[in-house]
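Q: Please take a close look at how the interior of one chain in this model is packed. I would like a careful, connected account rather than a list.

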Amino acid sequence: MLQWQALRWKAIKEEEDYRMSKRPPPDPVAVLRGHRASVMDVCFHPSKNILFSGAADGELRIWDSVQRRTISSALVHNAAHGIIGLAASPLIGDDKVVSQGRDGTVKYWDIGDGDLSRNPLVTIKTNSYHFCKLSLVKKFAFGPCQTGVPENCQDAEGGETTFQGNQMESIEDSEQVKGPKYVAVSGEQSSVVELWDLASAEKFLQLPHLSSGLPNTTTKARGMCMALQAFLSPESQGYLNVLTGYEDGSMAWWDVRNPGVPMNSVKFHKEPVLSLCIDGACSGGISGAADEKLVFFSLDYQLGSALVKKEITLERPGIAGTSIRPDGKIAAFAGWDHRVRVYNYRKGIALAILKYHHATCNTVSFSADSKLLASSSEDTTVAMWELYPPQTVT
Amino acid sequence: MGEVEEKAVLEKVGNVVASINGSKHVDQVISAVYSLAALLFPLETLSFIGSISEKYRDEVRSVEALSENQTKEWWKVFYKGAAFPALARVLLYDVASDWLVCFPISARKNVYDVFFVKGRMTEVVQAIVPCLQNRGSTSYDTSAVYSNAERLLVLCLVENDGAFQMVKEFNFQCESEELTGDKLKQAISMLAQLVTSIPDKARPGISSALSSHLFFKSITTQLLSGAEEWDKNLPDGVDSCNKIYTHDTIVFIGEIVARICRRGSADVLLSELIPRVLCQARNFLSGTANVSVNKTFELKPGLRFWSRVIEEIKDSYAVERLSEQLLHQLAAQNTNDIEAYWILWILFHRSYENQPLIRSMFVDKFLLWKVFPICCLRWILHFAILECSPDNTLLTKAYHAHRLVETMQRLVSVWSKREFVQSSRLEQQAYVTAALGLCLEKMSKEDLDATKDAIHSILQGVSCRLESPDHLVRKMASSVALVFSKVVDPQNPLYLDDNCHDETIDWEFKPTMSDRSSVAKSHHKDEEADKVKGLDMAKEANGVDDADMGKKVKGRKQKLLEFKLVDPDEVIDPAALNGELISDGEGDDFGSEDSDSLSDTSLEPYDLTDDDADLKRKFSQLVDVVGALRKSDDVDGVEGALNVAEKLVRASPDELKYVASDLARTLVQVRCSDFTVEGEEESAEEKRQKALVALIVTCPLESLEALHTLLYSATVDVSQRIMILDVMTGAAQELASMKFLKPEYQPRNLISSVSDKPWFIPRNIGPPGASSWKEISTPGTLLNWSYSYERELPPRPGQIQRGKTRRWSLQSSVNENQLEQSQNQFPQYAAAFMLPAMLGFDKKRHGVDLLGRDFIVLGKLIFMLGVCIKSAAMHPEASVLASPLLDMLRVREISHHIEPYVRRSVLFAASCILVAIHPTHVASALMAGNTEIPRGLEWIRTWAHDIAESDTDRECYMLAMTCLQLHSELALQTSRALESTEGTFGTETLGLPSALASGMIKIPRV
């Protein structure tokens, strides 16, 4: 009987597999053309239907993600150096965007009426000329431990985190998010991570903190810092945490209260870690590196541990960008092999291999409402995809 | 034995003969004969009495019978002395021709036949058989005599078991016989001769019982049962080794067996013999344990006579025929190894021990000169060399190690010789290889160490086989090498061939051999159909086929393995099927499980197949291709470059001329095996070759220069040289059948002539059958801004008509009129292909030795030249190039090259020359007194003749025959051409030496 059932299962499964396997991977719903150089970074506006994209010739474009048209375009960084990173977050303000150039500056822009101001609000001279993209603070959005949030995190409690799928982070009122307007960048000394206050353009902290002791030899031995993610964990009592990936493939987890040594450091990769992304609950994340591996890991603040949940080996190396959808269901990886790979984030199952770009992919980014995925590539295009749209609760 | 009786018998016979001679009536004869028969045989009632006339009945009745003892006495005397021959003569000639037809049936049976049927068979045979050949005498009705004799022979020998009786008679005879020694032997052999000659003497078609097949069958059966009886009656304790004890019976049987074999009926004999021995051996083997089976066999009644019979056969040729047939028949019946071994042992063990001739037959002839199936080879080895039964696993060392080593050495010395590889038949080679391999399998390392030179010879033999162009020969080498390595170091077998990784080696080499012959057959058929096309070397096709087949088999095996891995009874865990991850539970700690799993099911994966086709580096410039090919460490780059090389070359860009030589060189030097995964070497190799062919075709002069330099340079290896020659061949063929589009020439007037028609009316050009132009009226408008015309056109061939009319504009396209034309582009480059290649073939330089070691390259080179000249066929260039090519072929080292492979190529090239030269060219050469070409052609003829007569290789023979045929055709065409020119110009104007004409062009006998 059991065997019979098993066979039936198998038959159903096979039929299903057959049906599913016939479904070809989707094509992009839109391709945004207009850049004249490799599109280095894209990010969605946290609440509006706006997409920012920055190219290697210093051009920042603002797109309407519904009409798929350029709203405005400006050369915001030196054309010779170009933009390497862009970021927008409810934490730094609703109509603000941060751009990072390879000219050693980070600029803080206001896009009041859908157009860039002539001059940036703030220009930070970081004097760093490397490839590490900046990171704004990612704040946990929802999670199983909402009830036990410490007092410093009332902002998270105050804002109703809804599961309606969109604008989870945008509801928070601006007063409360004013505090940590930080941006994390790799510093002048490339193995060091610096935290700057966007409001005052002052350096707030550096990790490892040089004054707190001897210059940390272990950090130096890791080589350049290649990827960054700053976040506010629900359990960290409002203190910033930073996850950094280094040239030798190791990652370190820092807590700003103890800037001398990392809380934990692990080595999942053999080659430089190129991108990191933390999920909305700050309880796990993904990393991509210059080697063939994708790593899904979990973070446990109490134990200070980072463990591999799943490791996937690809046939071709190099993941330049990673992103987890705000609803935490799927994750995307931008590969050097021109493909965007989509995985089930929780199970680590491969879902799709998206082929459109004909050059290295640089970044992937999900829109805040989880409906769109944008990928940017060296082929000067930005492709927009619609994958597994979240079910809207009516 | 009383003198009295003898006298009485003779007197009686005399009376009977006299009365027969004097008789006037048949009954008189009957009564006369009866009067004697009654004395000799215990005859019962006079059953025939009613059928004779009253007059003689009393006479018959008055004959009184003798007592039983007396009858016996009389019988003995009658048959031993001169009485029977005398009477038999009368009976067989006089009575048979004059009276026998009138005999009533019962009388014939009781009175006439009884003398022969119940007589002493040895004498009877001697009396009857001569009747069959006495053709000289005319006094008798010969046909009556013959048919009577034949009837009697069938009656005596076949129906009444005469042969069996003869054997019995010999049994008794030995006790009381005065004839001894040689005289007896002579008599026996004469008798055997008579018996076995019966089928020859009998008139064909008269009596089927006397046809050699049936007759010998019956004789054999009788003899064998006679022998068995003899064997059973043999007193126990007779020493089996006692040589003096040879019985007449055995001698007689031996003689007959020998003669039957000699007369070519060994198969009939064996078809009777084998079942008997097999049955006996089986009975015996099933009953005994294998301890000292030999001894028991020797003592067992019923089995002892076999070996004695064989021993008695003094005719070694007969024994050879017998044993050969025996082996073949046993193999055909799929006899198992043990039984076959015992049959051989039962039959031959005595003669093998005692007669050196027989021993050498088994050890030398059957191993080195004959070809048997492989199973027979195993039996021979077990019987003659190991001298132990194949099931004798207990005593592994029971065999004669010494004899084994000796045999192995003998085999190796033959096997390792280069001449053996070059000149013996392939079947023979396979057989000797198998013999050697089986010997080696039985040997130990110590045995092998004892023979130092054997190891050396094995290695030599292996290495000279490995460089053979024949796949099968290489396989033999690798099989022997494998066995050898297993003997030397069982842990570390040496696999020279990727395809054979089995533990047991198949010594059969069979499937490929049949394949080969089929290829050869189809090849010859081709030749008949299209002589020139069919001349392609079967060798090449063969090699490819074999390789393919190897792969297929391998693949099939792998598939089989995979297939087995799927266990139908496997217990399947439904959870595992669902694709759940084991690590899932712990990591999935947010959200409620239910809602998650609900929404997760919507995350069905898309098709995840992925290829890296779009990631390949794209080459668009030949310079890049050259650069990428040079970077041998960039595997993908080389592969990508190879993929596009042919296309880029075919596009024939302007810079091709300048990169051609570079590209040719790099393409030759790319190592395909370095960068491809296993199993894909061939496709890469193919791409490389295609690219090279394309290069030569599009840019012949520059690339050929580079390739010719490489061909004789020391930096490339044999495979690259072969490859160069292959691509040249391919390019020559492609150039020869070049196709290109050529616009059809249409005379057009550039300036239209002034005519009465306005300029805008279209002219009447177009396909035939078109109607005239009509203006299209546009209704509704008064003003017509443009003139439109239309006309009906006939449909083009193959056109499907969809609409009703076709409207043509004034400017009609003429593209459809382009025609595909082919034109032989090769002749203009023929010299560039051939001459440089012919320059250096006989130079022995560092790494280049075409005449000796690299003979395969030489063969390929000649093949290439042949293809080249064929591609230029009927063009003047061919005639010009033919003479240097002929000069090259005529070099003795080439035309009589020791390797058949080269000779085949030469024959091919020679046939190509014959095809390529235009007959008128030969004719004009003859008329101009230019002897070069005619001499060369004459040489081809004589040489092909030699090859056809004396070459050992079959393919060479076939090719030579084709060559002769082509030559005769050319000669015929030439003579026609000569005739026609003679007709035009008249003979006297030509200074044609008639001797030359007749001498140089001969139409050979084919």
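A: In this predicted model, buried residues make up 47% of the 1006 residues in chain B, where buried stands for under 20% relative accessible area. The secondary structure of this chain comes to 46 helices and four strands, and, of its contacts with a separation of 6 or more, 75% are accounted for by residues 24 or more positions apart. On the outside, the accessible surface of chain B comes to about 50,800 Å², and carbon and sulfur atoms contribute 54% of that area.

Turning to the interior, the largest nonpolar core holds 178 residues, and the members that touch the most others are B:Phe78, B:Phe103, B:Tyr112, B:Phe115, B:Phe116, B:Phe252 and B:Phe362. The surroundings of B:Phe78 can be followed residue by residue: once residues up to four places away in sequence are set aside, B:Phe78 touches B:Val9, B:Val13, B:Leu36 and B:Leu40, together with B:Ala83, B:Phe84, B:Leu87 and B:Phe115. One of these partners, B:Phe115, is itself listed with B:Phe78 among the members of the core that touch the most others. Apart from this core there is a second, separate one of 107 residues, which includes B:Phe619, B:Val649, B:Leu663 and B:Leu964. As general background, nonpolar side chains in soluble globular proteins tend to be buried together.

Conventions: Residues numbered from 1 in each chain as written. Chains lettered and ligands numbered in written order. Predicted model: local features only at pLDDT ≥ 70, side-chain atom pairs only at ≥ 80, totals over all residues. Heavy atoms only, no water. Core = buried A, V, L, I, M, F, W, Y, C linked by side-chain atoms within 4.5 Å. Buried < 20%, exposed > 50% of the residue type's maximum accessible area, 1.4 Å probe, protein only. Contact = heavy atoms within 4.5 Å. Helix = DSSP H or I, 4+ residues; strand = E, 2+ residues; numbered from the N terminus. Areas by Shrake-Rupley, 256 points an atom, 1.4 Å probe, with all protein chains shown as cover.
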